[in-house]
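Trainee: I would like to go through this model with you and check the reason behind each label. Could we take it term by term?

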Amino acid sequence: MEFTKCYHCGDPCRGYSTFYDNKNFCCSGCKAVYEMFQSNDLSYYYDLEENAGTSPTITKGKYDFLDNPEILASLLEFEDGGLQVISFYIPSIHCSSCIWVLENLKKLMAGVVESQVDFPKKTIRVSINTEITSVKKLVYLLTKIGYEPYISLEDLDAKESKTDRTILYKLGIAGFAFGNIMFLSFPEYFEVNEYWLEQYKVLFRWLMFSFSIPVVFYAGNEYLSSAYKGLRSGILNIDVPIALGILVIFLRSTYDIATDQGSGFFDSLAGLVFFLLIGRYFQQKTYSFLSFERDYKSYFPIAVTRLDSKGREENVQVYDIKAGDYLLIRNEELIPVDGVLQKGDGLIDYSFVTGESQPIVKKAGEKLYAGGRQCHGALEVEALKSVSQSYLTQLWSNAIFKKNKKLQFQTLTDSIGKRFTIAVLTIAVLATSYWLFIDSSRALNVFTAVLIIACPCAIALAAPFTLGNMLRIFGKKKFFLKDSSVIEQLAQVNTAIFDKTGTITSTGIDSISYNGLQLNKEEESLIKNTLRATNHPLGRSLYVLLKGQNIYTLDEYEEHVGKGVKGEKDGRVVKIGSADFVGFKEEKNLINTTVHISANNDYKGCFVFSNTYRDGLSDLFRALQKSLDIAILSGDNASEKSRLQKLLPKLIPLYFNQKPADKLNFIKELQENGKNVLMVGDGLNDAGALAQSNVGIAISENTNVFSPACDGILDASRLKDLHGFISASRKAIQIIKMCFVFSLLYNVVGLYFAVTGQLEPVIAAILMPLSSISIVSFATLASNRIGKRINPKN
């Protein structure tokens, strides 16, 4: 049966539809938003994009913590008198109509002074007049129109972060100087002998000198300081010969103009620094709208409801919770601390912490762990520990989260830096010493030419341009890496470990089959209406699965937490839930999740739930198996073992019931045995393993929402291309090595002419940037060619 689509959000109108202004709406919330837009002359919202909205859901009391002045003050960007400025992250921003309506909030709410959307980051910055409205009212308005802000504990701890634009300033100065020095050099390059130019020749030369000073000592200071620090530490890194090249060109050029021997090579100097900075910019470039260092704070609430001795409710910061406090945990709220259930029936979803996909029933007196989500009703919980001492935060206190992978990894460029530097300095000293005895007048030229021609700018540019371009290509294909060094590490992995739930399985999608007696229309309709009232994930999945039925009010409805639901209409009774609940003795060897049905106490059958695995999974594992050792580590039980064994290539190890610490230790043991490990996961339970691995990749259904601390974020729809990304990383390293070979050949030929005194410094200064340009062009074109081969259909 086909359902009419909601005019506001585009969702099917499944029996809840309401008709207004000749349009269908799936719920009264969508209808209310439409009326609001109409009455405020904002109906153009729907002309920008059809079905642009989202269905609004408002949980009572959810944002009461915004009445707490202390919490609110920590969220505000600015407050002065009656003006407050605050920014929110809004995941549902997705199109031009979203931007348009959010930047017109002042038409929807009196007191909104200005609102501005940052579309790439999916954030909105709003200024409000506190004498007319409040932040809490603003949040409820945003939620009502379908743009609920995502406010987490991370926002409470956020420090003001300023974008570092130093590299851009340095690029601008180097580029400006390069252009002007080239312009001032033209008369001497082309030997223009006009009298009016000759009389300004000395001025032009000193102007070039002036332009070169900020290039060397500001734009190029990172290379000079890096070389100095390396030498102090006894390390000959790749920046040593680069710094020598910069200083030699600058000093020799200054000497030439001071002694009136020529105009020097300031243009080549500025060009060298400019190209090096472009390479460094590519190397540092990453995706600012993604976070690779998120932890439990990104997903924890900013405040919680605490009950005092008289049972009165108050909203407090999560950090203010102490052992012994009584907390009210509402339906769908997260448990922020370890505690003991005092009142209410718990149905706790720990899937994001342990990987176990099914909610767990908890009774009064049982222990609850931080990070679980209550799926039914309200609970009263006595806190056993503070937030910083909970099970979840202890997982994050592991030493592995304090290590910097980048500092522990030696890049390909760094690995050759020491040998190259020693070779260049040795050749320069020997060649200069030789000419001091043979013809001392040529010794300085030889020394200068050797250091200029051997300046490893081409080598230094090969990796940044190749890897920077690969970062861009991967990003276009929805594979976002923290920085370029991750590509080098990805090329070296020889073992791949995969989580199961939410990684190789589709989140929120189940394959459901029915086994049993055929249900008649009345029974099916009664089942549908009984399921309508439940919030249980399996019940909601069945509700969506069942075909459209007439919606009516039940005579009686009961929900037994952890067991099932019962519905009655006109004397007909259905029970939906566990085997015991419906009166059926289930065989103990059943491996799949089942929901059983009985009608009027007669057993009918069961719905069988099995995971849906992502498209192309078998092909992916076959391709990876050719070059990598593979294993599955799952926090879930072994119910899917036989199915996985049929789906995946033979001999792939499968490990179930793995706790977060087990996963971390498993990877650590592999590394101790000389393995370079790639970990692919999705949840907080994978965070330790992702951090411990050489490369940690988080699979995300939405790359803009929570992902655990990782080195890269891969869109779930592109998991099938993972082998292609690994292959492309390895080919990128081959390109860099080819660039090194070309640069080495160039240096060998150039050094021959330099040490024999046949190469003037001016020619060396011209050849140096030309070699850099050729290397950059080759690296860019070759990496583009590799990128096109990663699933060319996408």
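Trainee: What makes strand 22 (residues 593-599) largely enclosed by the rest of the structure?

Mentor: Happy to start there. Buried means under 20% relative accessible area, exposed means over 50%, and partly exposed is in between, with a 1.4 Å probe and protein chains only. In strand 22, 6 of the 7 residues are buried, so the strand is largely enclosed by the rest of the structure. Strands here are DSSP runs of E with at least two residues, and helices are runs of H or I with at least four, numbered from the N terminus.

One caution first: this is a predicted model, so local features need pLDDT of at least 70 and side-chain atom pairs count only at pLDDT 80 or more, while totals for chains, interfaces and linings use all residues. Residues are numbered from 1 along each chain as its sequence is written, and side-chain values use heavy atoms, leaving out hydrogens and water.

Trainee: How do you know that strand 21 (residues 572-577) and strand 22 pair?

Mentor: Two strands pair if DSSP finds at least two bridges between them. Strand 21 and strand 22 have 4 bridges and run in the antiparallel sense. One example is Lys575, whose bridge partner in strand 22 is Ser598.

Trainee: What sits under the charged end of Lys575?

Mentor: The ring of Phe581, with its centre 5.6 Å away. A charge sits over a ring if NZ of Lys or CZ of Arg is within 6 Å of the ring centre and within 35 degrees of the ring normal. Lys170 likewise lies over the face of Tyr218, at 5.6 Å from the ring centre.

Trainee: Why is Lys604 called buried?

Mentor: Its relative accessibility is 17%, so Lys604 counts as buried. Lys604 lies in strand 23. Taking contact as heavy atoms within 4.5 Å, Lys604 touches residues including Tyr514, Glu523, Ile597 and Ser598, not counting residues up to four places away in sequence.

Trainee: Which aromatic pair is edge-to-face, and what makes it so?

Mentor: Rings of Phe, Tyr and Trp (its six-membered ring) pair if their centres lie within 6.5 Å; planes under 30 degrees apart count as stacked, over 60 as edge-to-face and the rest as tilted. A search of the whole structure finds 14 aromatic pairs. Among them, Phe217 and Phe250 are 5.7 Å centre to centre with 90 degrees between the planes, which is edge-to-face. Phe217 lies in helix 10 (residues 201-219) and Phe250 in helix 12 (residues 239-258), so the pair ties together parts that are 33 residues apart in sequence.

Trainee: Are those two rings buried or partly exposed?

Mentor: One of each: Phe217 is partly exposed at 49%, whereas Phe250 is buried at 7%. For contrast, Phe584 and Tyr603 form a stacked pair, 4.1 Å centre to centre with 10 degrees between the planes. Phe584 is in the loop between helix 23 (579-582) and strand 22, and Tyr603 is in strand 23 (residues 602-613), 19 residues apart. Phe584 is partly exposed at 29%, and Tyr603 is partly exposed at 26%.

Trainee: How do you know that the span of helix 12 is close to the expected one?

Mentor: The expected span is 1.5 Å times one less than the number of residues. Helix 12 has 20 residues and reaches 28 Å from its first C-alpha to its last, close to the 28 Å expected. Of those 20 residues 15 are buried, so helix 12 is largely enclosed by the rest of the structure. Just after helix 12, Asp260 takes a positive phi of about 60 degrees.

Trainee: What about strand 27 (residues 695-700): how many of its residues are buried?

Mentor: 6 of the 6, so strand 27 is largely enclosed by the rest of the structure. Val695, Ile697 and Ile699 point one way, and Gly696, Ala698 and Ser700 the other way. Strand 27 runs parallel to strand 26 (residues 677-681), joined by 4 bridges, and pairs in the parallel sense with strand 28 (residues 712-715) over 4 bridges. Val680 stands opposite Ile697, and Ser700 has Asp715 as its bridge partner in strand 28.

Trainee: Last one: how many disulfides does the structure hold?

Mentor: With a disulfide taken as a pair of cysteine sulfur atoms within 2.5 Å, the structure holds 0. As for burial, Cys606 is buried at 10%, and Cys739 is buried at 1%.
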